[in-house]
Amino acid sequence: MYRIKKIEKRISAVSYKQFIDFTRNKKMLLIFFIFPILYIVLKIVAGKEFGSDGSSFILMHSILVPLLITATIVAEEKEKGTLKLLIMSGVKAYEYFIGIAFSMMGFIIAGMLLFELSGATSSFDAVFVALFTILADIISMFIGAVIGRITANQTNVGPIAVPVTLLIFFAPMLQQIKPEFIFPSKYLYSGILLKIMSTCTYSHRDIFWMGVNFAMIFILFLLVFNTKNLIKSVSHS
């Protein structure tokens, strides 16, 4: 029981610190809400001519935002030495990630509420769509954490994170251009989410491959954030 309380205390400390950092960083706050705002502006300006159901905007909100921000946070804390202090103080990698994810998820959900209020989700109003979207957010956070960990500094995040994000986002679109490219849509988490939002249905295959996506990036996260290697790396940084 005492150990659980210590874990909760460390996660809460990381989450609170990150929340304060988010509220102080206007650029990061803009990134959190850029896609809901863009959708609302286009809908107001274009009116009825803007027939998008919001799927593409929500997909980008669930991929680019958590991936880019998580990568930036990790790389920035490496560069400033904050990550070193956290690791040396006994914070485990999973505690660090949960703390960041918990704080970030509040802003991401706030963005989703804007989508909901603007009518972007009217064509796929279902609970399971929200659950798959949250899972996609978490997978993107894991990918972002890995990118932030392997980059030398914050400046190098963009050149790596942006191409990765675009690849994940546009890979499922290939099937619409060339139907023979079914791999991205069937097996990649972005393709699965896009299919679920488009059809408002899901299958056991979708659940299975979403789980495979999660498991693969989670294992990579554990390897990259291995505590012993992490301590060695921050000790020599």
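**Exercise 1. Describe helix α11 by its length and by the residues on its two faces.**

Step 1. Helix α11 covers residues 204-224, which is 21 residues, and spans 30 Å from its first C-alpha to its last, close to the 30 Å expected at 1.5 Å a residue. The expected span is 1.5 Å times one less than the number of residues. Helices (H or I, at least four residues) and strands (E, at least two) are DSSP runs, numbered from the N terminus.

Step 2. The model is predicted: local features need pLDDT of at least 70, side-chain atom pairs count only at pLDDT 80 or more, and totals for chains, interfaces and linings use all residues. Residues are numbered from 1 along each chain as its sequence is written, and side-chain values use heavy atoms, with hydrogens and water left out.

Step 3. The buried residues of α11 are Asp206, Met210, Val212, Asn213, Ile217, Phe221 and Val224. Buried means under 20% relative accessible area, exposed over 50%, and partly exposed in between (1.4 Å probe, protein chains only). Seen down the axis of α11, these buried residues fall within an arc of 165 degrees, so they line one face of the helix. The arc is taken from the directions from the helix axis to the C-beta atoms.

Step 4. An α-helix has 3.6 residues a turn, so residues three or four places apart point the same way. On the face of α11 turned away from the buried side are the exposed residues His204, Phe208 and Leu223.

Step 5. Leu222 also belongs to helix α11 and, at 42% relative accessibility, counts as partly exposed. Its C-alpha is 8.4 Å from that of Tyr94, although Leu222 and Tyr94 are 128 residues apart along the chain.

**Exercise 2. Summarise the chain as a whole.**

Step 1. The secondary structure comes to 12 helices and 0 strands.

Step 2. Of the 237 residues, 43% count as buried. The chain exposes about 12600 Å², of which carbon and sulfur atoms supply 70%; these areas come from the Shrake-Rupley method with a 1.4 Å probe, and for residues only the protein chains shown count as cover.

Step 3. Among the contacts with a separation of 6 or more, 78% are between residues 24 or more positions apart. Contact means heavy atoms within 4.5 Å.

**Exercise 3. Identify the members of the largest nonpolar core that touch the most others, and the helix that gives the most to this core.**

Step 1. A nonpolar core is a set of buried Ala, Val, Leu, Ile, Met, Phe, Trp, Tyr and Cys residues joined through side-chain atoms within 4.5 Å. The largest one has 63 residues, and Phe32, Tyr96 and Met104 touch the most other members. Helix α3 (residues 55-80) gives the most to this core, with 14 residues.

Step 2. Leaving aside neighbours within four places in sequence, Tyr96 is in contact with Val14, Ile73, Val74, Glu77, Leu83, Leu86, Val91 and Phe225.

Step 3. Phe225 is also part of a cluster linked by ring pairs, together with Phe97, Phe142, Phe214, Phe218 and Phe221. The structure holds 18 aromatic pairs. Rings of Phe, Tyr and Trp (its six-membered ring) pair if their centres lie within 6.5 Å; planes under 30 degrees apart count as stacked, over 60 as edge-to-face and the rest as tilted.

**Exercise 4. Trace the contacts of Leu59, Thr165 and Ile168.**

Step 1. Leu59 lies in helix α3 and counts as buried, at 0% relative accessibility. Not counting residues up to four places away in sequence, Leu59 touches Phe169, Met173, Ser190, Leu193, Leu194 and Met197.

Step 2. Thr165 is placed in helix α7 (residues 157-170) and is buried, at 2% relative accessibility. With neighbours within four places left aside, Thr165 contacts Met60, Ile63, Leu64 and Leu67.

Step 3. Ile168 is likewise in helix α7, and its relative accessible area of 8% makes it buried. Beyond four places in sequence, Ile168 is in contact with Ile63, Leu67, Ile143, Leu188, Tyr189 and Ser190. Ile168 and Ile63 are 105 residues apart in sequence, yet 7.8 Å apart in space, C-alpha to C-alpha.

**Exercise 5. Explain why helix α10 is described as largely enclosed, and describe Cys200.**

Step 1. In α10 (residues 189-199), 8 of the 11 residues are buried, so the helix is largely enclosed by the rest of the structure. These are Tyr189, Ser190, Gly191, Ile192, Leu193, Leu194, Ile196 and Met197.

Step 2. Cys200 lies in the loop between α10 and α11 and is partly exposed, at 26% relative accessibility.

Step 3. Most residues other than glycine have a negative phi. Cys200 has a positive phi of about 60 degrees although it is not a glycine.
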